[in-house]
Amino acid sequence: MKLHYLDIQAFGPFAKHEHIDFSKLGDNPLFLIDGPTGAGKSSILHAICYALYGETTDEARKDVAVRCDNAKSDLLTELSLEFSIRGQHYRITRMPTQMRQAKRGDGFTEQKAQAHLRKVLSDGSEETLVTKKVSAAKDEIHNIVGLSAEQFRQVMVLPQGKFRELLLAKSDERQVILSTLFQTEIFKRIELSLKEKAAEISREYNKFKEQINDALHEVFSDDKEQLAIAITAADTVQSKLKQQKLDADKNKDVLSQQLKTAQQLTQAFSQKQQLQNQLNEHLAKEDNYQQAIIHAKLAEQAKDISPKWQVLEQVKQDSLANSKQLPSAVNNSEQASQNVASNEQKLVDVNQQYIQRDNLLAQVNTLNGYTPILAEFAKLKDSAKVSETALLQAQTKRQGNINNLNELNDRSNKGQLYIDDLQQQLTARPQLLMQQQQLQQQHLALKQFEGLTLKLNQQQHIIKQLDKQQKNSEQHYNQALTSANHLEMLWHTNQAAILAKTLKVEQACPVCGSIEHPQPAILASDVEHASKENVDAARDVQSQSLMLKNQADKALAQAQEVLKQQSAQQQELHQQLGELATNNSDNLHQQLQLFAKNINDLNSVEAALPAALDKLQRMQKEFSLLESDTNELTTNIPLLSSDNAHAQANYTNAAQLLPEQYRDLNALNSAISVSQTQITKLDTDLQNAQIAMQQALTAQSNCQAKLEQLQIIGQQLTTRTQQLEQDWQQVLAASEFTCHDDFIQACAYISTLASLKQTITDFEQLRNDLSSKLALISEQLTDKQPPELSELQALYDQHQIVYMQVEQDWVQAQTQYSKLVDVNNKITRLETEQSDNKQQYEMIGTLSAAAVGKGRVRVSLERFVLGDLLDSVLAIASKRLYIMSKGQYQLVRQDEGEQKKNVTAGLDLAIDDAYTGKTRPVATLSGGESFLASLALALALSDVVQQRSGGIQLDTLFIDEGFGSLDQESLQLAIETLIDLQASGRTIGIISHVSELKEQMALRIDVQSSRDGSSIKVIADH
């Protein structure tokens, strides 16, 4: 990824628009971002990161904290970055959430965050990738660059506070950082997957075991051997009971057949007796049968002559109904005549009122004639009112303008005096700013001088303590040396005494060969302390004391060197300050505060001056407009007065032509409506009266016709009744009935005629059926006697009980045998499945334990992969660190096998010190050494990330920390390392205010600060 242009507006300390053209620095430059503390050097890195990801290199800084406090309210915070990667150019413009001036009114409104990402094509045109959506732009940048915001901060932009994070992090923290950079979460998922699979297999294995135990418990067996014995015994029992069941079943079938034959014969004798009884009962009902025959015959005779009698009865009923309707018809006819007379009188009354209709029509015509007159009258009235209002408004406005002109004239004079006073005050500001800058430089130098004085006192106190520790360690070393030498000499002496004990007279000494031994060595009194183990222990104490002495010597020498450097710096500052060195920084600080207050007051004056000038101009413009408007009103008022008089005269003339009660349109319309309503009512009343008269006449005619019809029908029914009565008497006399009452009684049987016939038929059919069945069964039972059924039944019941008991015993034995066999089969199946499960667990469980770090060395799969990646990083980093540390240091990864088993191992770093030949923690490095190690690690990390992530190109690197902690030689080695890295095609930017860097690096981006905000200048002196 290569940067081309960066535009910063109202962001961080930059109040205005700043433009950085990275192409001016050349291809793959090594450049310095220089400027005083707080000017905004790091803010350039914030701007780059924020333009890409919407986040600064400081995670705590949010949208509301990125806007410049000194920026003008109408200037929005905005960042634009153009970069290229893999031959493609892109431009992203990003705007954070901020408050801006409202488009309407004087208030403020919230401007939502926006991001606009475009691809710059070869012909200079642009293709939009993301329009406004912030999250979409962040995702697209991630896809293009190949890095998340966190990864970008870790391998391309190394900000303050983050630079040494990877070097000094704990193993777990380093795992999180490396996992994020190298995207190794797939291995963590493999760990979890194996762990879950192993747990699942283990649960299944235990489940199989529980199922086997449960199956054995079901049949009260402790193991499979006991179960096999139970199966054999159960099989023998169920086979024996099965044969007993077959024998009992055979005997039961013989007795069952004998009992069935006896039951059938007994049932036949019983059935014969039942048929005889049923026939006797049926013949006892023959009287009812004869009575039904008589009633059926009477019903047949009555049914033949009943139609003539029914016709006679119907005519009698019709005659009775006609006689009942006749009085009502007479009454209705009389009421209809009375209603005709009443409606006739109403029609006469309505005709008399209808005479008023012509007068009402004339009145409506007259009122309609007033309508056009009223319309013209209303216009004249409105015109008179408008002309009068216009005249009054013009007079009032002219007087108000005159008052405002006088007030504006007074305010303009006062504003001019106020502006003259502000301009006079601002003449003193340049001198104050120059004096303030000089005083700030003196105050800063004096603060540094005082700080060095305090550090010198502290360092001298430290040296006293270190000197005391050095003397103590030297004394302890001397004591340990003397003690070890004494013990070793004593041990050698005692070895000679032990040898002397083996000497014999006239035998050669194994040491000197002499056969004479005049003074053989004797054991010392403290021989028990003069062992080889004690000598070695004393030498170990001596070595430890020597190491402590060397450490104390080194610490004292380093402290004395620090004191020497601090004294030199203090002397240099003392020469710069001169007489001011005896002054107090608090006094200068108070003077600075006074200067700052005075300058702030002048800044406030300067800020107020444009507003005052603008206000004066606006008042002068307003005065001119009011004066012009007043002159125009003075000219128009006489014309408006003439128009008003003419309108009032026209209105007075029109009022004489229109009656006063009709000068209102609503009143006129109301009068017309009332008259029209009265006319409509007269027409409606007349029409209703005529309709009612016609309806009354129709009703009278209908009632009269109905009365005449009833009278004619009554006469006809009387004649027909007499004729039918004569005919009926003749039919009744010709029948078998002696009188009318006998006929009526016989009619009662007509409704039950079908039932009577069915009763006769059923009686005859049942009698014949029972007689036939009784004759047949009597013939079948000839020469046969009823059997002894109870004895056969008792014998059969006895054999049935025996059979049921045997069958029950066999079923229980068969059930028990089947249950034992099923349990045995189930256990066999479970053992097979359990065996397969166990084989799986041995493989998956072992893999899971290794993957999650439960082996001898507690290193998980992901940590193992990261360890391999870290080895690649450390191999590159150690080469650079070895050069920068003048052959002393290399970065190594601690061997997880050598760490304690209760420690999560695999990613811990250490320093291999070539001077001492030992490996020690990275936390023991000094500030400058730590910076060099961090720089080497960061550069190597950048290389490995680019190598292993094929789509990621890390062509640019920014470093924002640490060069001030290096001595001259280490600084030069670090710069040479960066130059070598630049030669491989990298662009490297360094943020620092170390003067040596500024002298050696001609390519710079200078950040200059001021009270109005910082500015940026690119210096490209090739």
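Q: A helix here is a DSSP run of H or I with at least four residues, numbered from the N terminus. In which helix is the place of His282?

A: One thing to keep in mind as we go: this is a predicted model. His282 has its place in helix H7, which covers residues 224–283.

Q: Is His282 buried or exposed?

A: The cut-off for buried is under 20% relative accessible area. His282 has 8% relative accessibility, so it counts as buried.

Q: Which residues is His282 in contact with, leaving aside its neighbours within four places in sequence?

A: They are Phe763, Leu766, Arg767 and Leu770.

Q: Phe763 is in H15, where H8 and H15 meet. At what angle do H8 and H15 pack?

A: Helix H8 (residues 286–353) and helix H15 (residues 753–780) pack at about 145 degrees, and their axes are 9 Å apart. The crossing of H8 past H15 is left-handed. On the H8 side the meeting residues include Tyr289, Ile293 and Lys303, while Leu756, Ile760 and Glu764 are among those on the H15 side. Sorted by class, the contact of H8 with H15 has nine nonpolar, one polar and five charged residues.

Q: Now a helix on its own. Why can residues three or four places apart point the same way?

A: An α-helix has 3.6 residues a turn, so residues at that spacing share a direction. Let's try H2, residues 134–145. This helix has twelve residues and reaches 16 Å from its first C-alpha to its last, close to the 16 Å expected at 1.5 Å a residue. Its buried residues are Ala137, Ile141, Ile144 and Val145. Seen down the axis of H2, the buried residues fall within an arc of 80 degrees, so they line one face of the helix.

Q: What do the buried residues of H2 pack against?

A: Their partners are helix H1 (41–53) and strands E4 (78–85), E5 (88–95), E8 (114–120) and E9 (126–130). After H2 comes Gly146, with a positive phi near 90 degrees.

Q: How far apart in space are Val873 and Ala940?

A: Sequence distance and spatial distance are worth reading side by side. Val873 and Ala940 are 67 residues apart in sequence and 5.3 Å apart in space, C-alpha to C-alpha. Val873 is in helix H17 (residues 861–884) and, at 1% relative accessibility, counts as buried.

Q: Where does Gln565 lie?

A: Gln565 lies in helix H11 (residues 532–577). At 44% relative accessibility, Gln565 counts as partly exposed. From Gln565 to Leu456 there are 109 residues in sequence and 9.8 Å in space, C-alpha to C-alpha.

Conventions: Residues are numbered from 1 along each chain as its sequence is written. This is a predicted model: local features need pLDDT of at least 70, side-chain atom pairs count only at pLDDT 80 or more; totals for chains, interfaces and linings use all residues. Side-chain values use heavy atoms; hydrogens and water are left out. Helices (H or I, at least four residues) and strands (E, at least two) are DSSP runs, numbered from the N terminus. The expected span of a helix is 1.5 Å times one less than its number of residues. Buried means under 20% relative accessible area, exposed over 50%, partly exposed in between (1.4 Å probe, protein chains only). The arc is that of the directions from the helix axis to the C-beta atoms. Contact means heavy atoms within 4.5 Å. Axes are lines fitted to C-alpha atoms, for helices over the stretch in contact, and angles run from 0 to 180 degrees between N-to-C directions. A crossing is left-handed if the near helix is turned anticlockwise from the far one by less than a right angle, and right-handed if clockwise. Ala, Val, Leu, Ile, Met, Phe, Trp, Tyr, Cys and Pro count as nonpolar, Asp, Glu, Lys and Arg as charged, and the others, Gly among them, as polar.
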